[in-house]
Structures are given as structure tokens and as C-alpha cells.
Amino acid sequence: MKHTLLTITLFIASFLQGQTPKFQGQPPVERVATESKPTQMQWKGDFTFTDSDVIFSNNFEGARLNGVLKNNDNTFTALITSENTPVNMSPWYSFKIWSAQEQSIELILTYQETAKHRYYPKLSKDGVNWSSLDSINYTEYEKGDADFGPGSLPVKIKMTLDIGPEVLWVSGQELETSTRVSSWADTLSANTFVQKTNIGKSEQGRDLNMLTIGDPASKNMLIVISRQHPPEVTGYLAMKAFVENLSSDTKLARKFRKKFTVYVVPLMNPDGVDNGHWRHNAGGIDLNRDWANFNQPETRAVKSFMESKIKDTKGKFYFGIDFHSTWDDIYYTVDPKLKGNMPNLVYDWLDELKKQIVGYDPNIKPNDQIEPTTVSRNYFFATYGAEALVFEIGDNTPRDFIKEKGKISANVLMKQMLKRFK
Ligand SMILES: [Zn+2]
């Protein structure tokens, strides 16, 4: 049933594609300094008001709420600011609201100068299960007319919210904090062939979890990383589905794990995630610009880990993937004229994915500038010969499609890699 729905949705999507503009991808990455910079930590606690029983709180992991103003009895304005600047347009927010009396309030969401509203509000009663705010309770102001990117966004928005003694969570994307990621990793490591270890600590001392799926002595390796950028939850959700399928109890996955071992860092930036940062780690740095300099503990930990695996096993990394989120689904690949340890793997994989998902046309942007390495994909390819790519999921891609795509991607990859590895 679910699959049928997905097929219909994709059929409609492909039917509309003639009129739908395609996301053209990000401009080339520029090399920047990656020595630590100060960040602005948000004040944490409950925001209360005179003559009002409404309380806002940012006192939890993953929160971002920097100020609230009471305009009148039932209207409030919230301010969301970034950890430092310059920063890209990914203003993330998350807070809780409650009040003694049942009531309806209007909340205007504003951002620091030049930032605009990007993430559609999601609501939750428990911080775990989310639903999108009903569109009748949502108003955008000064919306841009571009198809993608900052020019497509409104400057601010207004939400109408029904609140009461029960806590209401409001969040830019689902809250997938370091605690939740770690407990997902624990669940997966209940399998005898999965081990959860740490490869180091973040700047603020949080564990950098590593999942080993398969035999740690194997010479044939894959590297999977996710969530260098805190708000990029949809990329994380795709990574989860992908990794769960590599760890599944199917004949294909069992066969795959006999030949290959997958190493997964599910949360590259736990400090950024738990502090609600828009982009950077606790050192104020975009981790995905530090794969040439390695000034930050999170990127350094992965580098040391990969180096030690090569030294210990005398093996090879055949595939490297880094999951992100952006304006729409897109794959940033290494130009096919550059050959790694399994030439054309990525292109044959994406071709097969296109065949397996009815109406799906992967948006692929190859890149031949891989030095200096700067970003993880280039580091995996240039240093180890791993066939590498950035797997980007749109902010608003339907969650059931993300799951399905993650799952099919894993299956097709396993088949392609086994086929080449006789
Ligand atoms: Zn990203």
C-alpha cells in the first residue's frame, strides 16, 4: 500500500516535472580558515512575562530560542539568532510553550538581520513524534519569488498555536539530538555484527559515536558520515534508513557483510546539534570546510580513524558517503573521468536507483575540483580512492519517501558492490 502511494506520488511528481524547475546546486566550495572562533551561546531557561501565564522554554538539547517579546495579551514575537557569523541561511529553531489556561496565541518568528524563515514549523507533544503545523495557522510575510534558496523565503512568519498546561514543542525540523542518535546506535548494536564505539570527543566533550557493521578486520571498507550541519535532519533520516538496511537480516545484506565492513559516524557535530547551531561546531567552524586543515576535533577523529584502519587492515575504502540536507534532493558526485577504487560505482548505482524508483530522476552534479580536499567527499576520494558523494535531501522531502529512498539506495549499492567484487 505504502509503496503504491509512493509510486503514485512519484508519477505525479514526474508528470509535473516539465513545469517544475530543477535545483541547480550550490556554487563551488571555497577554501576558508578553520581555526576555532568564538560562538555566542544562547541563554537557557524559561521565558516568563508579567500579566501572562504563557511560558516559553529553550531548556533542552537541540533548542534554539534567543528572545521573546510579549506584544499584547495573545501575541508574542520570538527572535532566533545564529551561533556566529558569517553563517549560511539555515536558521533553526526549537522551543517549548505552555500556559496555565487553555488559550490560542499568535507567535511571530523573526531572525537576525539578513536571515529569513526556512524551516516549516513542526509540532509535538513529546519532542519525539512530530506533525507539521496546519497551514491555516501559518502566515508568511515578505516572501521571495525565487524557486530555491534564500530568495524563495519569507522574512518572517506568524503561527497560531493552541496552548495549555500540556507542553507544546515547536521545532524547525524534528529534534534528533545527540541522546536520540546515541540511543538509535544502541538499538542497532543489539545485532551481533554491529559494534558501537567512540572515535573521540567533540570540542565540548560529547562522544563521537562510530558504528562498525561487519567484521572489523575486513580489508574492504565503506565510510558513512552524517550531520556535519546541525539542522540537516532530513539527510540524517536518509542515512538512518540506509544504514538500517545495510544492517538488516536479508540474504543480500548478510552476503554483503561477509565481504564488506561499513563504518558509520551518524552524528559528526553533536555540540552544534545540542546547542541548536545553524551550521557550525562549538569551535564556530563549518566542519565541512575542515577536511584539508583538520583544525577541529570532529574531523580529526575521522581522519585518525581512517588512517588507522588502513594501517591495521592494509585494506581499502571503496565507498564514502556524506549525508546532508538542502533546498531539494541532489547528489554532488566526483566527476566520472576521475577514477577511484571502484570506477563508475556511483554512476551505475544512481542509474539503477532511477530504474528502481518509478518516475524518479536523480539530480546529479559532478565535480572535478577535488584538491584542496576541504570537504569530506574530496577527502574520501583524493586520500583513499573511495568512490564518494554527498547525498543531499530536500528540507521538505516527504519523510516516507526519504525512508524508501534510503532503503532502496542501500540495496542497490550492495548489489553493485558485490557484482564488482568477485
Ligand atoms: Zn550540509
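Two strands pair if DSSP finds at least two bridges between them. In this predicted model, that criterion applies to strand 4 and strand 6 (residues 103–111), which pair in the parallel sense over six bridges. One position where the pairing can be followed is F76, whose bridge partner in strand 6 is L107.

Strand 4 also pairs with strand 3 (residues 67–72), and here the two run antiparallel, joined by five bridges. The bridge partner of G67 in strand 4 is L79. The connection between strand 3 and strand 4 is a hairpin through two residues. How enclosed is strand 4 by the rest of the structure? Strand 4 covers residues 75–80, and five of its six residues are buried, so the strand is largely enclosed by the rest of the structure.

The next stop is the zinc ion. Which residues supply its protein donors? H229 and H324 each contribute their ND1 atom, and E232 appears twice through OE atoms. These donors lie 2.1 to 2.5 Å from the zinc ion. The angles among the four donor atoms range from 56 to 146°, and the site is irregular. A four-donor site counts as tetrahedral if all angles lie between 85 and 135 degrees, and the range of 56 to 146° at the zinc ion does not fit this.

Along the sequence, the donor residues of the zinc ion follow the spacing H-x2-E-x91-H. H229 is in the loop between strand 14 (220–226) and helix 3 (233–246), while H324 is in strand 16 (residues 316–326), so the pair ties together parts that are 95 residues apart in sequence. Both H229 and H324 are buried.

H324 leads on to another residue, E392, because H324 is among the residues that E392 touches. The UniProt annotation "active site", from an unreviewed entry, covers E392. E392 is placed in strand 19 (residues 387–394). Is E392 buried or exposed? Its relative accessibility is 9%, and buried means under 20%, so E392 counts as buried.

Leaving aside residues up to four places away in sequence, E392 touches H324, S325, T326, D328, D329, I330 and Y332. With S325 there is a close approach that can be given as a distance: a polar atom of the E392 side chain lies 3.4 Å from the backbone nitrogen of S325. H324 thus appears in both parts of this account, as a donor to the zinc ion and as a residue touched by E392.

Conventions: Residues are numbered from 1 along each chain as its sequence is written. This is a predicted model: local features need pLDDT of at least 70, side-chain atom pairs count only at pLDDT 80 or more; totals for chains, interfaces and linings use all residues. Side-chain values use heavy atoms; hydrogens and water are left out. UniProt positions are given in the numbering used here, feature names are shortened, and annotations may be inferred rather than shown by experiment. Helices (H or I, at least four residues) and strands (E, at least two) are DSSP runs, numbered from the N terminus. Buried means under 20% relative accessible area, exposed over 50%, partly exposed in between (1.4 Å probe, protein chains only). Contact means heavy atoms within 4.5 Å. A polar contact is a pair of N or O atoms within 3.5 Å; within protein, one must be able to donate a hydrogen and the other to accept it, and residues adjacent in sequence count only if both atoms are side-chain atoms. Donors are N, O and S atoms within 2.8 Å of the metal (3.2 Å for Na, K and Ca); water is not among the atoms, so sites may look incomplete. Four donors count as tetrahedral if all angles lie between 85 and 135 degrees; four count as square planar and six as octahedral if opposite donors are over 155 degrees apart and all others between 65 and 115; anything else is irregular.
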